[in-house]
Amino acid sequence: MERVELDTQVAIVGAGPAGLAAAIELGSRGIACVLLERTERGGYAPRAKTTHTRAREHMRRWGIAGRLADEAPFGVDYPSNVSFVTRLGGKMIKQFPDALQCSPQRDERWSEHSQWIPQYKVEKVMREHVATLPDVDLRFGSDYLDFTQDEDAVTLRYRTVADGSEHTLRAAFLIGADGARSRVRENIGAKMIGTYGLSRNYNIIFRAPGLAEAHQNGPAVMYWQVNPEAPSLIGPMDRDDLWFFMPSDIGPDVTYSDEEAVAAIKASTGIDIPLEVLSSDEWVASRLLADRYRQGRVFLSGDACHLHPPFGGFGMNMGISDSVDLGWKIAAILQGWGGPGLLDSYEAERRPAHEHVLEEASSNHAVLPNLLLRPHLEEDSPEGEAERAEVAGIVAKAKHKEFFSPGVVLGFCYQTSPVIVDDGTSAQWQRSNEYTPMAIPGCLAPHRWLDETTSLYDRFGAGMTLLVLAPDRYDDIAAARDEAQESGTPLTIVALPREDLRAAYDEPLALIRPDQHVAWRGKCWPRGTDLLKHVTGRAG
């Protein structure tokens, strides 16, 4: 085969969480990539504040989950309560304790708990890790312009912001992780389909020394304020008395100068202390999904292909998982053990997951603080008590799943993927907000702790892993190794003949992908079927 001259193997546009995840997944596998980012990505205004369990499991595999925990502003033991109140300084209506799976208490179902941490700190940890990967070249101040592609490669143009000079970069693949206004998406002609403008909101970051001590509603990561002055969300964000304030579903003509923001915060909380506004920006909640995620060698990841309301905290985390799915597959192609079917499977796997999350996030968005207003809600009267009880009941019914949805985070199953081998049990999986680990091919591999500190996932390899859960399966292991050697597929054998694992997986053998999803399971290794070629996209 004629050698194609490249400047790098993969070009990535956008150094937010999705772009950084792609760079880490590729760079950890020895794939050379260039990461282009126009800005320095700083400031105080994060959208995401929850790094969900699944994203932290990827970070554990990358070796940085502990580093992220160290950056927790208030420590990982800080209560992840979500409180609905009339005002921060007012009355409690309803509290959801230990929301979002943030408790560090060990759970057999997953290897990492979620974490409440502002997105800019997540990006900091990821950037610092990228800097340790010799195969990743992070170029800040590089403004992507456009691309052309041929059968062998993609040639993109970008401009250096500092001096306006233009450059070209030739790569085998291009990943557009350049956010909601993605230029890569525009260049491939993909359209965002759905509803723009579900609500108009503001995100205000402010410093308020003493605010945490100025109310009696206890610690929480988020307070939903239900009052006519400014129905809103408010909560602690970082050390040094940094808080966020989010007036929700505001009118088309409402704006917030710094002075107006200070007045709104004081009025909505009922607490009059000195405040300093650090940033203020408008954002619009929408429900949009790209009509396609790919054109030839160019792919979309993260907000470039899906946008939804932030309620439930799924967006950043979904983008990280997009890039993991895409990253290991591109690496397999470039390393010679993956085929074109892997690339075809990216959208086939991720689109249904995105549709599920868009549905959940939009449902969560349907009940915002302004819809909970009642005329006597703050009164010390029988009417006030009755209205608070009424609203508490509405909140309990409508909002529980927003803060307790491990099934959305961990439970999605790729059972219809072309590189998953159906064993006839796919119909057993159903969408759910609850999470019951299942070893149905396509689902996340059921987790167990092997000892106090070792996760089952820690034993999985960088390529495919054959999990052997019954004793004396030497012939199956030998057959799998022979097929792996013949097909050039990296295969790790993990033999753990434990009854609890066998019960969790239902079969003695399970083939696990690099992203920890089950690709196949069975009673014996299926000799003569080219199983490894099928699950790595080389069948046919």
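## A hairpin of two strands

Strand E4, residues 82-85, pairs with strand E5, residues 92-96, in the antiparallel sense, and 4 bridges join them. The structure described here is a predicted model. Between E4 and E5 lie 6 residues, and the two strands form a hairpin. One of the bridges can be placed by residue: Val85 has Met92 in E5 as its bridge partner.

The side chains of E4 point in two directions. Val82 and Phe84 point one way from the strand, while Ser83 and Val85 point the other way. Val82, Ser83, Phe84 and Val85 are all buried. In a regular strand, side chains alternate between the two faces of the sheet.

## The sheet around the hairpin

The hairpin strands belong to an open sheet of 8 strands, in the order E5-E4-E12-E13-E14-E11-E15-E18. The pairing in this sheet is mixed. At its edges are E5 and strand E18 (306-307), each of which pairs on one side only. Strands of a sheet pair through backbone hydrogen bonds, and the pairing is either parallel or antiparallel.

Both senses can be followed from E4 inward. E4 pairs with E12 in the parallel sense over 4 bridges, whereas E4 and E5 pair in the antiparallel sense. Val85 has a bridge partner in E12 too, namely Gln225. Strand E12 (residues 222-225) in turn pairs with strand E13 (residues 232-238), in the antiparallel sense and over 3 bridges. Here Gln225 stands opposite Ser232 in E13. Val85 is thus linked to Met92 in E5 and to Gln225 in E12.

## A buried threonine in a loop

Thr425 is found in the loop between helix H10 (406-410) and strand E19 (464-468). Its relative accessibility is 14%, so Thr425 counts as buried; the cut-off for buried is under 20%.

Thr425 touches Ile440, Pro441 and Arg521, with residues up to four places away in sequence not counted. Ala439 is 14 residues from Thr425 along the chain, and the C-alpha atoms of Thr425 and Ala439 are separated by 9.6 Å.

## The chain as a whole

The protein chain has 13 helices and 22 strands. Its radius of gyration is 24 Å, close to the 24 Å that the globule rule gives for 540 residues, so the chain is as compact as a globular protein of that length. The C-alpha trace spans about 75 × 60 × 40 Å along its principal axes.

Of the 540 residues in the chain, 58% are buried. Among contacts between residues at least 6 apart in sequence, 73% join residues at least 24 apart.

## Surface and charge

The accessible surface of the protein chain is about 21,300 Å², and 48% of this belongs to carbon and sulfur atoms. The chain carries 56 positive and 77 negative side chains. The centres of these two sets lie 2 Å apart.

Key
Residues numbered from 1 in each chain as written. Predicted model: local features only at pLDDT ≥ 70, side-chain atom pairs only at ≥ 80, totals over all residues. Heavy atoms only, no water. Rg over C-alpha atoms; globule rule 2.2 N^0.38 Å. Buried < 20%, exposed > 50% of the residue type's maximum accessible area, 1.4 Å probe, protein only. Contact = heavy atoms within 4.5 Å. Areas by Shrake-Rupley, 256 points an atom, 1.4 Å probe, with all protein chains shown as cover. Lys, Arg positive; Asp, Glu negative; His and termini not counted. Charge placed at Lys NZ, Arg CZ, Asp CG, Glu CD. Pairing = 2+ DSSP bridges.
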